[in-house]
Amino acid sequence: MITPEQFNALIQDELQHIGNLFQTKNEQYKTTSDPLANFTAGAMLRYKKGDMPALYETLKDYVGKHIAHVYNNDLNGNKVSESLQDIVVYFVIARVMAKLENQGE
């Protein structure tokens with residue numbers, strides 16, 4: 001059985017890994033003028049708008065694919081770990097989107 005200290009250390013390691021994953025993916029998908037360029041492009045293609053609500057809907061579209069993958073596979077299934085990591089990153093981005101949207105009020 002794992003101790004609480006060992007579990008906490010594993011969580012901290014995973015959070016560090018998620019931060020690194022975000023950095024890597026952000027470098028792939030951002031542009032010099034738009035840190036949310038991947039969502040902006042997706043929103044324009046699907047919703048014909050580039051505002052934050054459309055970007056959020058696009059994020060949900062993207063994460064839905066990963067959630068479906070998780071539901072269709074067991075914990076050790078084909079790339080489930082990768083989908084779980086992507087879901088975490090997407091939801092952290094969603095929290096920042098919410099903060100940005102609320103700042104505009």
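Helix α1 buries I18, L21 and N26. This is a predicted model, so please hear everything that follows as computed from it. The cover over the buried residues of α1 comes in part from α4, residues 80–103. As for length, α1 runs over residues 4–29, which makes 26 residues. At 1.5 Å a residue it should span 38 Å, and its end C-alpha atoms lie 37 Å apart, so the two values agree.

Now the whole protein. It has four helices and zero strands, and along the sequence the pattern reads α-α-α-α. The C-alpha atoms fill a box of roughly 50 × 30 × 25 Å along the principal axes. There are 105 residues, of which 25% count as buried. Take the contacts between residues at least 6 apart in sequence: 45% of them join residues at least 24 apart.

Next, helix α3. What is its reach from first C-alpha to last? For its 20 residues the value is 28 Å, close to the 28 Å expected at 1.5 Å a residue. The buried residues in α3 are M52, A54, L55, T58, L59, V63 and H66. Among the things that cover them are α2 and α4. So α4 comes up twice, being part of the cover for the buried residues of α1 and also for those of α3.

On to the aromatic residues. A pair of rings is described by the distance between the centres and the angle between the planes. How many aromatic pairs does a search of the whole structure find? The search finds three. I will go through two of the pairs.

F39 and Y90 pair edge-to-face, at 6.0 Å centre to centre and with 80 degrees between the planes. F39 sits in helix α2 and Y90 in helix α4, so this pair ties together parts that are 51 residues apart in sequence. Both F39 and Y90 are buried.

Y62 and Y90 make a tilted pair, with centres 6.3 Å apart and planes at 55 degrees. This one also links distant parts of the chain, with Y62 in helix α3 and Y90 in helix α4, 28 residues apart. Is Y62 buried or partly exposed? Its relative accessible area is 22%, and buried requires under 20%, so Y62 counts as partly exposed. Y90, at 16%, falls on the buried side of that cut-off. Taken together, the ring pairs link F39, Y62 and Y90 into a cluster.

F39 brings me to the pocket. Rolling a probe the size of a water molecule over the atoms shows where empty space is left. The largest pocket holds about 500 Å³ of space. Its lining has 21 residues, and the closest to the centre are F22, N26, F39, V89 and I93. Two of these names have come up before: N26 is one of the buried residues of α1, and F39 is in the ring cluster. Which elements give two or more residues to the lining? They are α1, α2 (37–47), α3 (52–71) and α4. The most comes from α4, with eight residues. By class, the lining has 14 nonpolar, three polar and four charged residues.

Last, the loop between α2 and α3. I have two residues to show there, K48 and G50.

K48 is placed in this loop. Most residues other than glycine have a negative phi. K48 is not a glycine, yet its phi is positive, at about 60 degrees. With a relative accessible area of 62%, K48 is exposed, because the cut-off for exposed is over 50%.

G50 belongs to the loop between α2 and α3 as well. Its relative accessible area is 43%, so G50 counts as partly exposed. Leaving aside residues up to four places away in sequence, what does G50 touch? It touches M44 and L55, and L55 is among the buried residues of α3. G50 also comes back towards T40: the two are 10 residues apart in sequence, with their C-alpha atoms 5.4 Å apart in space.

To recap: α4 gives the most to the pocket lining, α4 is part of what covers the buried residues of α1, and the ring cluster is made of F39, Y62 and Y90.

Definitions and conventions. Residues numbered from 1 in each chain as written. Predicted model: local features only at pLDDT ≥ 70, side-chain atom pairs only at ≥ 80, totals over all residues. Heavy atoms only, no water. Expected span 1.5 Å × (residues − 1). Buried < 20%, exposed > 50% of the residue type's maximum accessible area, 1.4 Å probe, protein only. Contact = heavy atoms within 4.5 Å. 1 Å grid on protein atoms, 1.4 Å probe; cavity = no way out; pocket = protein on both sides within 12 Å on 5 of 7 lines; lining within 4 Å. Points joined across faces, edges and corners; volume = space filled by probe spheres on them. Nonpolar A, V, L, I, M, F, W, Y, C, P; charged D, E, K, R; others polar. Phe/Tyr/Trp six-rings, centres within 6.5 Å; stacked < 30°, edge-to-face > 60°.
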